[in-house]
Amino acid sequence: LGKYMLMAWAGAGVSDSYSLTSFVPGSSKLTDIKLQLKRDASCIIDRKIGDLWYGEIMEVTHTGAGQTATINLIRDTNNIRFVFQGATPDWQIDADAYTYQLVESNGYLDYDNSLLDDDRLSYEPYYIKQGNESLVTVEINTLRLMANMETRFTVTHKTTGIKVFDINLIDYLAMTNAEGKNLSTQEYLDRRSNYHIIFFLSESWLAVQIVVNGWVHRIQEENQ
C-alpha cells in the first residue's frame, strides 16, 4: 500500500550494451539508479548498440490489489544514416579514405533520463557502403540527443588529418521540426529515433543541398 514513482529503461536488461547500478534490497532508492553505455578506454563506439527506451510515472497509488500501470516510453537510441552524394560530375569520394565521427557526451544517464557528466564518446559507423565513385553511405547510432548540447559530426581525411566536414548535427535535425506542431526542439528529438540525411556536395566538400528525412534545404549562394 502507498504511493510510488515508477521508471523503466526498457531493453537495458536484454542487451549487453549497458551497465546498470546494482540495487541493494531495503537500502537503494530509485534515485540511485544510473545507466551507462559500455565502452573501452578509447571511448569509440563503432558497434550497433541495443535499443533502449525510457519512461516514468511520477505517482502511482498501490491499493494492495492487483493492478496495472502503463508507462509511456521515449526511445533513447537513435540511428542516423548519412549519405554523401556528389552534386557535380567531378566530385568523388573514397569511403575508406576518411573517418566519420559523431562526438557527444551522452553515454551516462541518471534515473530521470537526464545526462550525467561523461567521457567524450566517438560514435563511428557500424555500416559503410561505397555506392559509385560519387556516393557513400554510413550509419551511426547514438544515445539520447539533447537540444542544449552540441553533437558534432565530422569527416576527417585519414592521411592528412584535415577535417573536411564539421557540423553541429542538432542544428540540422532541429530544422525539420515543422512549424505549427508546438513542440520544443527537445520534445521533437525525443519523439524521433531514425534520421536519413543526404548531403549533395560540390568542390571542397561544400554542401549545396541537404535532405533530412525528406525535408529539402537548398543552400543559395549570394550571387545566385
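A nonpolar core is a set of buried Ala, Val, Leu, Ile, Met, Phe, Trp, Tyr and Cys residues joined through side-chain atoms within 4.5 Å. The legends below describe a predicted model, starting with its largest nonpolar core.

**Figure 1. The largest nonpolar core holds 50 residues.** Four of its members touch the most other members: Phe 82, Phe 84, Tyr 100 and Phe 153. Strand E15, residues 194–202, supplies the largest share of this core, with 4 residues. In soluble globular proteins, nonpolar side chains tend to be buried together.

**Figure 2. Phe 82 and its contacts.** Leave aside residues up to four places away in sequence, and Phe 82 touches Val 136, Thr 137, Val 138, Ile 140, Phe 153, Leu 169, Ile 197 and Phe 199. One of these partners, Phe 153, is also named among the core members that touch the most others. Val 138 appears again in the hairpin of Figure 5, where Ile 128 stands opposite Val 138.

**Figure 3. The whole protein, for orientation.** The chain has 224 residues, and 42% of them count as buried. Its secondary structure comes to 2 helices and 17 strands. Along the principal axes, the C-alpha atoms fill a box of roughly 70 × 45 × 25 Å. Now look at contacts in the protein with a separation of 6 or more: residues 24 or more positions apart account for 62% of them.

**Figure 4. An open sheet of 3 strands, in the order E2-E3-E9.** The pairing is antiparallel. Which strands stand at the edges? They are E2 (18–20) and E9 (108–110). Each has a single partner strand, so one side of each is left without a neighbour in the sheet. From one strand to the next, the twist averages 20°. Strand E3 covers residues 34–37 and pairs with E9 over 3 bridges. Find Leu 35, then its bridge partner in E9, Leu 109.

**Figure 5. Strands E11 and E12 form a hairpin.** E11 spans residues 127–130 and E12 spans residues 135–142. Between the two strands lie 4 residues. The strands pair in the antiparallel sense over 4 bridges. Use Ile 128 as a landmark: it stands opposite Val 138 in E12.

**Figure 6. Thr 151 sits in the loop between E12 and strand E13 (152–157).** Is Thr 151 buried or exposed? Its relative accessibility is 0%, so Thr 151 counts as buried. Beyond residues up to four places away in sequence, Thr 151 touches Leu 102, Val 103, Glu 104, Leu 145, Ile 167, Asn 168, Leu 169 and Ile 170. With Glu 104, the side chain of Thr 151 also makes a polar contact of 2.6 Å. Ser 105 lies 46 residues from Thr 151 in sequence, yet their C-alpha atoms are 8.4 Å apart.

**Figure 7. A salt bridge joins Lys 34 and Asp 110.** Side chains of opposite charge can pair when their charged atoms come close. The structure holds 10 salt bridges. In this one, the closest N and O atoms are 3.2 Å apart. The pair links distant parts of the chain, with Lys 34 in strand E3 and Asp 110 in strand E9, 76 residues apart. Both Lys 34 and Asp 110 are buried. The strands they belong to also pair with each other, as Figure 4 shows.

**Figure 8. Asp 51 and Arg 75 meet in a salt bridge.** The N to O distance is 2.8 Å. Asp 51 lies in the loop between strand E4 (44–45) and strand E5 (53–62), and Arg 75 lies in strand E6 (residues 73–75), so the pair ties together parts that are 24 residues apart in sequence. How exposed is each partner? Asp 51 is partly exposed, with a relative accessible area of 32%. Arg 75 has a relative accessible area of 19%; buried means under 20%, so Arg 75 counts as buried.

**Figure 9. Asp 190 forms a salt bridge with Arg 144.** The closest N and O atoms are 2.8 Å apart. Asp 190 belongs to helix H2 (residues 185–191), while Arg 144 lies in the loop between E12 and E13. The partners are 46 residues apart, and the pair links distant parts of the chain. Both Asp 190 and Arg 144 are buried. Elsewhere, Arg 39, Asp 118 and Asp 119 are joined into one network by salt bridges that share partners.

Technical notes. Residues are numbered from 1 along each chain as its sequence is written. This is a predicted model: local features need pLDDT of at least 70, side-chain atom pairs count only at pLDDT 80 or more; totals for chains, interfaces and linings use all residues. Side-chain values use heavy atoms; hydrogens and water are left out. Two strands pair if DSSP finds at least two bridges between them. Axes are lines fitted to C-alpha atoms, for helices over the stretch in contact, and angles run from 0 to 180 degrees between N-to-C directions. Buried means under 20% relative accessible area, exposed over 50%, partly exposed in between (1.4 Å probe, protein chains only). Contact means heavy atoms within 4.5 Å. A polar contact is a pair of N or O atoms within 3.5 Å; within protein, one must be able to donate a hydrogen and the other to accept it, and residues adjacent in sequence count only if both atoms are side-chain atoms. A salt bridge is a side-chain nitrogen of Lys or Arg within 4 Å of a carboxyl oxygen of Asp or Glu.
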